[in-house]
Amino acid sequence: MNTNKFFKKILFWQPKKNYFKALSRLKFGPQILLFLNYSPWLVVLLATISLTSQKGFLIFQIFLAMILSEIVEKVIKVKNFWSRPITKNKDELPKGFIKSWYKIGSFPSGHAIKAVFFTLLLLTLKPTLFLPLIVLLLSLALIRVILSLHYPIDFLGGSVLGGLIYCLTDLVPFDTLLPWTQNIPLMLADLPLIFTWWLVIFIVSSFFLPLTLKLFSRFWDRGYLFSKAISAALATYLIFVLSVFRILPFTRPSFLLILISILGLNFYFFKNNKKELKDFKKTLKQKLPVFILQELLFFSCLALWAWVRGFGPRIEGLEKFMDWGFVNSSLRTPWLPPSDMWFAGESINYYYFGHLIAAFWTQLSTLSSAITYNLLMATSFALTFSLTFSFSSNLAFLALKKIKTTTKKINFKPVILAGLVSAFLLSLGGNLHTVYKVSKISKEQSISLQDAANRYWYPDSTRFIGYDPDIEDKTIHEFPLYSFVVADLHGHMNDIPHVIFFLAFLLTTFFHYQEKKKKPRKIFDPKDLFFIVPTGLTLSIMYMTNAWDFGIYGLFFALFTFLSQIFLTKDLKDTFQRTKLIVLRTALLGILVIFSWFVFTLPFTIHFKVIGEGLRFSDTHTPFYQLFVLYGGFWIISSLFLIFLSLKKKDKSHSKFLPTDLFVLTSIIIATILIILPEIGYIKDIYVYSHRRANSMFKLVYQAFIIYSLSAGYIIARIKEGLKTQKLIKIILTLIFSIVFSIHMLYPYFAIRGYYGRLKEYQGIYGLDFLKKQHPNSYEAVNWINKNITGQPVILEAVGDSYTLYNHVSAATGLPTIEGWLVHEWLWRGGYDQPGARAEEVRQVYEAQSEEQALPILQKYFVQYIFLGDLEREKYKNLNESLFRKIGKPIFTSGDTVIYKVN
């Protein structure tokens with residue numbers, strides 16, 4: 001045998017038996033082949049995580065190597081020096097293989113390129129792994145050749161290329177060029193926590209998927225992502241009611257029992273409704289790629305914001321102690337309503353349902369609340385972005401579905417565009433203030449725009465009216481991104497998913513009525529209950545989370561119901577009968593929804609005292625230019641829509657006024673009213689005169705921002721698809737929209753960089769490290785309490801002012817103290833008398849000189865523990881610690897910090 005033939009026989013060796021074909025015929029043969037083909041990439045993923053957990057910069061070397069390997073492989077394979085053995089044998093490829101990959105050349109092996117690269121990379125870090133790595137490499141080569149996927153020369157060629165790519169990428173000094181990559185190991189350490197959290201949400205939401213798909217059957221994505229909002233709200237509401245009426249405690253076993261019951265109801269329903277089961281399976285089969293992509297969208301947003309929070313995870317500052325305390329108190333309170341951790345003996349007198357949902361997820365995940373606080377912030381961001389995408393894309397989809405005939409295929413580009421535009425505006429958008437303020441700074445200080453931009457402070461966009469210029473009318477006009485950035489787990493942010501669900505439910509219900517062959521012609525139909533009850537329940541959940549939203553979206557419901565009745569009865573020719581039907585039906589639906597809301601809210605309201613002090617007329621008004629700076633972008637976008645509506649009558653291709661147009665028109669009207677209302681009146685609260693309308697404006701315009709944003713994506717999609725014959729006008733309108741959108745999207749650059757230190761130092765998502773550094777003894781005490789004290793006994797702690805480090809023990813543990821943040825309790829209790837009296841009693845105990853002075857107060861509030869730390873010693877100058885040793889015994893000591901158990 002000559003040398004050429006010998007080497008050719010070796011390099012192009014094939015097995016005599018067709019193992020690929022034989023394996024394919026086995027029962028699970030195709031699945032085995034898929035596993036053998038794709039399992040190496042799981043090893044690659046695990047290797048990547050392992051390597052980068054040691055040296056963060058390696059992820060960029062791996063990333064560059066993967067790109068180079070893909071380019072080299074594809075370029076050479078296109079040459080098609082020879083085809084794969086399997087292709088020559090004409091064997092059928094198993095399901096799941098991408099056949100086009102096998103139509104191009106066999107040389108080189110992509111598996112070999114990547115396997116050799118990772119082998120060399122691992123060997124440089126851990127030479128002791130030489131033998132197992134070589135065995136794995138040879139096993140991979142053997143499997144690829146025996147299955148006729150490659151010739152030996154393919155694997156040899158791939159190995160050489162893999163070695164060259166390793167040498168090339170190893171020359172790049174990633175650690176010097178990218179010093180911040182030292183943060184990556186800590187980021188990877190957080191990944192299991194993020195994944196666990198996501199998995200819990202995914203599993204629980206899947207229990208509510210049948211209900212979700214049924215509710216949103218008209219949506220192109222079947223409303224898949226709304227299952228996450230529905231699951232949290234419904235499951236929490238059920239256990240909330242059961243706990244309030246002392247049937248089931250608010251604990252993890254009860255949560256699991258509720259979820260198992262929901263699962264059982266699903267099985268029972270499908271067992272007795274075979275058609276529904278068939279439709280459910282059909283939907284899963286048809287929409288599975290959509291569901292996977294949307295799940296990836298949600299997970300990506302969750303991981304992204306968890307990563308952002310990792311640069312500033314501290315649960316301290318602004319309202320964080322309050323929000324975290326509500327969650328921790330809920331985790332310890334078996335029977336609801338949850339105890340007020342800052343007003344021992346009383347329940348929380350605030351809107352806490354969003355915090356119950358937070359406690360629900362925390363209990364199920366089994367993670368520490370110091371971790372889940374930041375994961376909850378990430379979840380709020382992820383839900384806001386993904387639900388907005390779903391809602392706005394479906395708004396555009398339903399419009400296109402009405403425009404297109406049954407013979408035309410819907411173009412999904414504007415559908416996706418609408419979803420993304422609204423999602424970015426609502427989750428990451430700002431307003432025109434950034435451009436206004438930077439320009440103003442540049443002009444007043446005679447500096448360049450770049451220098452002015454460096455001096456721009458992101459909170460100014462939420463404190464503009466009353467501050468610039470400085471007058472006696474200080475207001476608040478925040479929006480979602482500011483909430484996500486400063487990370488207060490507050491009601492207005494917690495309620496965003498419920499708001500989007502509410503609007504989506506209104507939309508899909510309207511289309512249900514609109515598509516019925518027989519439109520509603522009765523003032524009331526029993527089937528209306530399928531609309532009334534969910535609407536009332538959702539409004540009640542919104543009220544218990546953020547009370548203002550009940551009024552705001554009650555108004556939205558009223559206006560939209562009225563306008564929709566006009567739309568649904570347009571074929572009636574009898575004007576009197578039509579008017580009667582519109583008015584009476586709108587009024588009756590409204591009354592029934594309010595009654596439903598009242599019933600569903602009762603478990604909350606029976607323990608709640610209204611905080612507001614009545615309506616006042618505004619004695620000051622905002623200059624128009626300031627309102628325009630804040631909301632002019634949305635007004636321009638809304639004007640584009642109104643221009644479009646006036647022009648489309650001239651466009652014969654789209655002359656109809658669509659149901660979705662009605663919905664967006666309602667949105668624009670309501671959002672504009674919300675901005676005008678603070679100029680007319682406000683709700684009186686405890687804030688001083690100069691801040692008299694701050695809270696009212698805040699709660700109203702926050703929702704205006706949301707409503708405008710939800711409509712914006714639809715408007716651009718409608719313009720692009722609606723003006724077919726007026727191309728110049730369409731270009732002009734699109735250009736204006738793009739400019740406004742771009743200006744709004746400048747804000748995240750300043751806000752995220754400003755709050756999170758330009759994303760330079762990753763600290764992880766554990767939120768208590770700040771306490772460990774500032775007050776290590778208190779940190780040890782908090783951990784000891786959480787590990788060793790069960791239930792909710794009262795602990796005495798120093799009274800502090802709002803937004804300070806005081807009362808961190810009660811906030812971090814959920815144990816109630818006699819009096820916490822004084823001004824907050826002043827607001828919640830409707831006056832200063834009770835909180836002020838309690839604050840004085842706390843001082844008396846810490847400065848008591850005898851048992852007779854301290855014991856009656858301790859007994860009055862059933863105090864079992866006394867906390868003595870740095871802040872107590874600082875606040876109470878006449879503190880008498882010797883008395884505590886008489887009335888109790890120290891059960892924890894760390895430095896100067898002591899916890900006494902009262903005898």
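Let us start at F862, which sits in the loop between helix 38 (851–860) and strand 4 (863–868). This is a predicted model, and every value below was computed from it. Is F862 buried or exposed? With a relative accessibility of 65%, F862 counts as exposed, because the cut-off for that class is over 50%. As a first sense of scale, take F862 together with I260: the two are 602 residues apart in sequence, and their C-alpha atoms are 38 Å apart in space.

From here we can turn to the empty space in the model. Rolling a probe the size of a water molecule over the atoms shows where empty space is left. The largest pocket has a volume of about 1500 Å³. It is lined by 44 residues, and those closest to its centre are L211, K214, L215, F505 and P534. Several helices contribute at least two residues each to this lining: helix 12 (209–215), helix 13, helix 14 (252–272), helix 15 (274–309), helix 24 and helix 25 (529–545). Sorted by class, the lining of the largest pocket holds 27 nonpolar, eight polar and nine charged residues.

The second largest pocket offers about 1100 Å³ of space. Of its 41 lining residues, Y350, Y687, N695, K699 and L827 are the closest to the centre. Helix 22 (480–486), helix 30 (694–722) and helix 36 (822–828) are the elements that give two or more residues to this lining. Which of them gives the largest share? That is helix 36, with five residues. The lining of the second largest pocket divides into 23 nonpolar, 10 polar and eight charged residues.

Next come the enclosed spaces. A search of the whole structure turns up six cavities of 30 Å³ or more, and the largest of them has a volume of about 200 Å³. Fifteen residues line the largest cavity, with I357, S380, L383, N494 and P497 closest to its centre. Two or more lining residues come from each of helix 13 (226–244), helix 17 (353–365), helix 18 (369–403) and helix 24 (496–515). By class, the lining of the largest cavity has nine nonpolar residues, five polar ones and one charged one.

The second largest cavity holds about 90 Å³ of space. Its lining includes L506, T509, F510 and Y513, along with F531, F560 and R585. Helix 24 appears here too, joined by helix 26 (548–568) and helix 27 (575–605), as an element that gives two or more residues to the lining. Helix 26 supplies the largest share, five residues. Seven nonpolar, four polar and one charged residues make up the lining of the second largest cavity.

Now let us take one helix and look at it in detail. Helix 20 runs over residues 433–445, and at 1.5 Å a residue its 13 residues should span 18 Å; the C-alpha atoms at its ends are 18 Å apart, so the two values agree. Which residues of helix 20 are buried? They are H433, T434, K437, V438, I441 and S442. These residues cover an arc of only 155° around the axis, which means that they lie on the same side of helix 20. An α-helix has 3.6 residues a turn, so residues three or four places apart point the same way. The buried residues of helix 20 pack against helix 21 (449–454), helix 28 (624–647) and helix 32 (747–755). On the other side of helix 20, K443 and E444 are exposed. Just after the helix comes S446, with a positive phi near 50°.

That brings us to some backbone details. Most residues other than glycine have a negative phi, and most peptide bonds are trans. R222, in the loop between helix 12 and helix 13, has a positive phi near 60°. R758 also has a positive phi, near 60°, and lies in the loop between helix 32 and helix 33 (769–774). With a relative accessible area of 49%, R758 is partly exposed.

Two cis peptide bonds round off the tour. One joins F107 and P108, with omega at about 0°; P108 is placed in the loop between helix 6 (100–103) and helix 7 (110–125). Another joins L336 and P337, where omega is about 5°, and P337 lies in the loop between helix 16 (320–332) and helix 17.

Technical notes:
Residues are numbered from 1 along each chain as its sequence is written. This is a predicted model: local features need pLDDT of at least 70, side-chain atom pairs count only at pLDDT 80 or more; totals for chains, interfaces and linings use all residues. Side-chain values use heavy atoms; hydrogens and water are left out. On a 1 Å grid over the protein atoms alone, a cavity is a set of points where a 1.4 Å probe fits but cannot get out, and a pocket is an open set with protein on both sides within 12 Å along at least five of seven lines; lining residues have an atom within 4 Å of a point. Grid points are joined across faces, edges and corners, and a volume is the space filled by probe spheres set on the points. Helices (H or I, at least four residues) and strands (E, at least two) are DSSP runs, numbered from the N terminus. Ala, Val, Leu, Ile, Met, Phe, Trp, Tyr, Cys and Pro count as nonpolar, Asp, Glu, Lys and Arg as charged, and the others, Gly among them, as polar. The expected span of a helix is 1.5 Å times one less than its number of residues. Buried means under 20% relative accessible area, exposed over 50%, partly exposed in between (1.4 Å probe, protein chains only). The arc is that of the directions from the helix axis to the C-beta atoms. Contact means heavy atoms within 4.5 Å.
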